[in-house]
Amino acid sequence: MAARALAATWREVGVAGCARKLSAAVRKELPVLVNGRQTAASVGAYFDLITDDGRRFYGDSFHLGYFCQGTELLGEALDAHTDLVAEMARLEGGMQVLDVGCGIGAPALRIARRYGCRITGVNISREQVRQGRELIETHGLSKRVVIQRGDARALDLPDGSFDAIVCLEAAGDICVKPADKERLVSELYRLLRPGGHVGFSDLALRVCPAPAEGRALRAVLYHAER
């Protein structure tokens, strides 16, 4: 499977593309082999590695779908997830909105069109930032949606910069160790203007996993087994 994926990359983007993927694969796996878990840098490398294939499967949204009725098509469910989080954030026209862990910007584009907001997306993946800027330019919304590279636990942005914040299923990737939960929430609080709201979604476990499952989860996501 890996050989076929590399061959497909060779055909599509040549030697440089193959080199980028090989580098990302090494940067993704090394922290798990050495420390038994991901780091922020390896999370970025993971998304550098899988973005092309993810777009083939999911389209341009890098979150799960919200199947409210159970009959929706995947694209409809992905949009429904974006819309639900936007409603939680109580978005209105003209707001300055931060999209934390923004993928390649598809949710931000939808929000900008539906609400007339200005969106700043942040992402730790260089490749997703690159592809996101291309996507935004293609849709002609570069004046209303921007993406920049950054670690959501400590962003180089002034206090109170945003009227609202959205975070679609990204905190599990951002929080790679226990203390990161508080760091992330504190950073969102710092950046949010008084009276602003956060629209937030993420994966949740209904029951505590078995020990073997817990070890696998800790290698991918922060998981404290409680």
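# Starting from a loop

Let's drop in at E169, which sits in the loop between β4 (162-168) and α6 (171-174). Helices and strands here are DSSP runs, H or I over at least four residues for a helix and E over at least two for a strand, numbered from the N terminus. This is a predicted model, where local features need pLDDT of at least 70 and side-chain atom pairs count only at pLDDT 80 or more, while totals for chains, interfaces and linings use all residues. Residues are numbered from 1 along each chain as its sequence is written, and side-chain values use heavy atoms, with hydrogens and water left out.

What is the phi of E169? It comes out near 55°, a positive value in a residue other than glycine. Most residues other than glycine have a negative phi. E169 has 16% relative accessibility, so E169 counts as buried (buried is under 20% relative accessible area, exposed is over 50%, and partly exposed is in between, using a 1.4 Å probe and protein chains only).

Now step back and take in the protein chain. It has eight helices and five strands, and along the sequence they follow the pattern α-α-α-β-α-β-α-β-β-α-α-β-α. Of its 226 residues, 42% count as buried. Contact means heavy atoms within 4.5 Å; among contacts with a separation of 6 or more, residues 24 or more positions apart account for 68%.

What lies inside? The largest nonpolar core has 24 residues, and those with the most contacts inside it are L91, V97, I111, C117, I119, V145 and V166. A nonpolar core, by the way, is a set of buried Ala, Val, Leu, Ile, Met, Phe, Trp, Tyr and Cys residues joined through side-chain atoms within 4.5 Å. Two or more residues come from each of α3 (74-88), α4 (106-115), α5 (126-138), β3 (145-149) and β4. α4 gives the most, with four residues. To see the core from one spot, try V166: leaving out residues up to four places away in sequence, V166 touches V85, A89, V97, L98, D99, V100, I111 and G199. There is also a second, separate core of 17 residues, which includes F162, A170, I174 and L192.

α4 deserves a longer look. Its buried residues include A106, P107, A108, L109, I111 and A112. What do the buried residues of α4 pack against? The partners are α3, β1 (96-100), β2 (118-123), α5, β3 and β4. Just after α4, G116 takes a positive phi of about 70°.

Of those partners, α3 is worth following. Two packed helices are described by the angle between their axes and the distance between the axes. For α3 and α4, the axes come within 10 Å and cross at roughly 60°. These axes are lines fitted to C-alpha atoms, for helices over the stretch in contact, with angles running from 0 to 180 degrees between N-to-C directions. That angle makes α3 oblique to α4 (under 35 degrees is roughly parallel, over 145 roughly antiparallel, 65 to 115 roughly perpendicular, and the rest oblique). On the α3 side, the contact is made by D79, T82, D83, A86 and E87, and on the α4 side by P107, R110, I111, R114 and Y115.

Past α3, the chain enters the loop between α3 and β1, and R90 is found there. Like E169, R90 has a phi near 55°. R90, though, is exposed, with a relative accessible area of 53%. E92 is found in this loop too, and E92 is exposed at 52%. Leaving aside neighbours within four places in sequence, E92 is in contact with Y115 and C117. E92 and C117 are 25 residues apart in sequence and 7.0 Å apart in space, C-alpha to C-alpha.

Finally, the aromatic rings. Rings of Phe, Tyr and Trp (its six-membered ring) pair if their centres lie within 6.5 Å, with planes under 30 degrees apart stacked, over 60 edge-to-face and the rest tilted. By this rule there are two aromatic pairs. Y46 and F47 have ring centres 4.9 Å apart and planes at 80°, so this pair is edge-to-face. Y46 is partly exposed at 32% relative accessibility, whereas F47 is buried at 14%. F57 and Y58 also pair edge-to-face, 5.0 Å centre to centre with 85° between the planes. Here F57 is exposed at 61% and Y58 is partly exposed at 29%.
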